[in-house]
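Notebook open, coffee at hand. Today I am looking at how this chain packs inside and how its strands line up.

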Amino acid sequence: MSQDRNQASGEDSLIARYFKPLVTDPGAFALVDDAAILSSSGEDIVVTTDAVVEGVHYLATDPPDTIARKALRVNLSDLAAKGAAPAGFLLTLALRSKQDAWLKPFADALGEDARIFGCPLLGGDTVSTPGPQMISITAFGRVPKGRMVGRTGARPGDCILVTGTIGDAALGLDVLTGGAAATALASDLAAKEALISRYRIPQPRNVLAPAVRDHASASMDVSDGLAGDLTKLCAASDVSAIVDVASVPLSAEAAGLIAREAICVETLLAGGDDYEVLCTAPPAQCDALIAAGQAVGLAVTAIGTIVAGHERPRFLDGQGRELVLKRLSFSHF
């Protein structure tokens with residue numbers, strides 16, 4: 001059926017109302033075209049994509065502003081681990097309805113994060129769905145030619161480093177779903193809120209991207225669990241690893257729960273949604289990477305060593321005994 005060109009479709013109206021105001025990059029053509037231009041001046045363009053699905057990556061009861069931030073930030077986290085500077089993103093929304101009460105805070109938060117991280121909206125698509133809502137973002141980043149840090153460069157003797165703290169997001173989800181952490185922290189509102197925030201709103205480590213590019217031999221972000229993601233990095237580099245579990249950085253909340261035996265360490269090592277940078281570096285570069293983190297207010301901690309071999313990474317406790325993990329990571333299937 002033909003449509004009067006002055007009569008906007010429901011999709012066009014939705015885009016014009018909520019997302020056209022977010023556009024700041026001229027290459028997006030104010031969202032009036034079905035393509036965009038991303039200019040490059042002798043740089044490599046890094047491309048990454050992640051989707052967040054209701055009931056899988058976020059809860060139906062999560063506030064829409066936190067869902068928007070999570071959808072963009074999980075992609076920014078990938079760029080950070082590659083040593084790339086954000087350049088822009090495409091957004092695909094699969095929505096059950098177009099209610100202003102949900103879309104306005106979603107769009108406002110998305111626009112704010114796009115400004116904070118210097119990653120403008122370039123375009124995308126909106127569709128309706130009878131099933132769970134889904135937000136898919138494809139993000140673009142820039143690195144100098146040939147300087148992207150992949151997963152394949154780890155070598156025996158390299159240090160293993162991780163940013164921030166591990167396991168908080170998994171505990172936040174446990175709190176929201178009434179698990180052991182929720183029971184143990186029943187009277188500690190501040191601790192519960194801190195963990196929930198780590199689950200709902202990742203903190204991508206883009207400030208560390210230049211240092212990752214300058215010092216890391218291999219890098220990825222921790223999205224499905226430290227143990228599982230380190231296993232993936234080692235497989236890509238054809239190496240193995242030894243991790244000192246006592247060195248894995250924990251928040252005060254996580255350490256307290258471990259001390260009270262409310263949770264086991266496997267919950268932290270295999271829990272998803274950390275979105276910290278996991279990288280390796282030659283020994284001569286390790287201190288420089290840690291210092292670069294300190295310079296931008298970000299803790300970077302050495303947790304182990306890359307070793308030769310093809311077996312799964314070994315996780316040793318404070319007495320040098322190997323921990324046998326029943327699972328390594330969150331699984332989507």
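Leaving aside its neighbours within four places in sequence, which residues is I135 in contact with? I keep in mind that this is a predicted model.

Entry 1, around I135. I looked up the contacts and found D50, A51, V52, Y58, I67 and A71. The list for I135 goes on with L91, T92, L93 and F106.

Entry 2, the core. I135 is among the residues with the most contacts inside the largest nonpolar core, together with F19, F89, L91, F106 and L110. I noted 37 residues in this core. Next I asked which elements supply at least two residues each. They are the helices α1 (10–19), α2 (64–81) and α3 (100–116), plus the strands β1 (43–53), β2 (85–95), β3 (121–128) and β4 (134–144). The largest share, seven residues, comes from α3.

Entry 3, another core. I also found a second, separate core, with 24 residues. Among them are A154, A218, L226 and V248.

Entry 4, a sheet. In what order do the six strands of the open sheet stand? I read β6-β8-β5-β9-β7-β10, with mixed pairing. At the edges I see β6 (218–222) and β10 (314–316); each has a single partner strand, so one side of each lacks a neighbour in the sheet. From one strand to the next, the twist averages 25°.

Entry 5, one pair up close. I picked β5 (residues 159–163) and β9 (residues 300–307), which run antiparallel and are joined by five bridges. In this pair, I160 stands opposite G304 of β9.

Note on methods:
Residues numbered from 1 in each chain as written. Predicted model: local features only at pLDDT ≥ 70, side-chain atom pairs only at ≥ 80, totals over all residues. Heavy atoms only, no water. Core = buried A, V, L, I, M, F, W, Y, C linked by side-chain atoms within 4.5 Å. Buried < 20%, exposed > 50% of the residue type's maximum accessible area, 1.4 Å probe, protein only. Contact = heavy atoms within 4.5 Å. Pairing = 2+ DSSP bridges. Axes fitted to C-alpha atoms, helices over the stretch in contact; angles between N-to-C directions.
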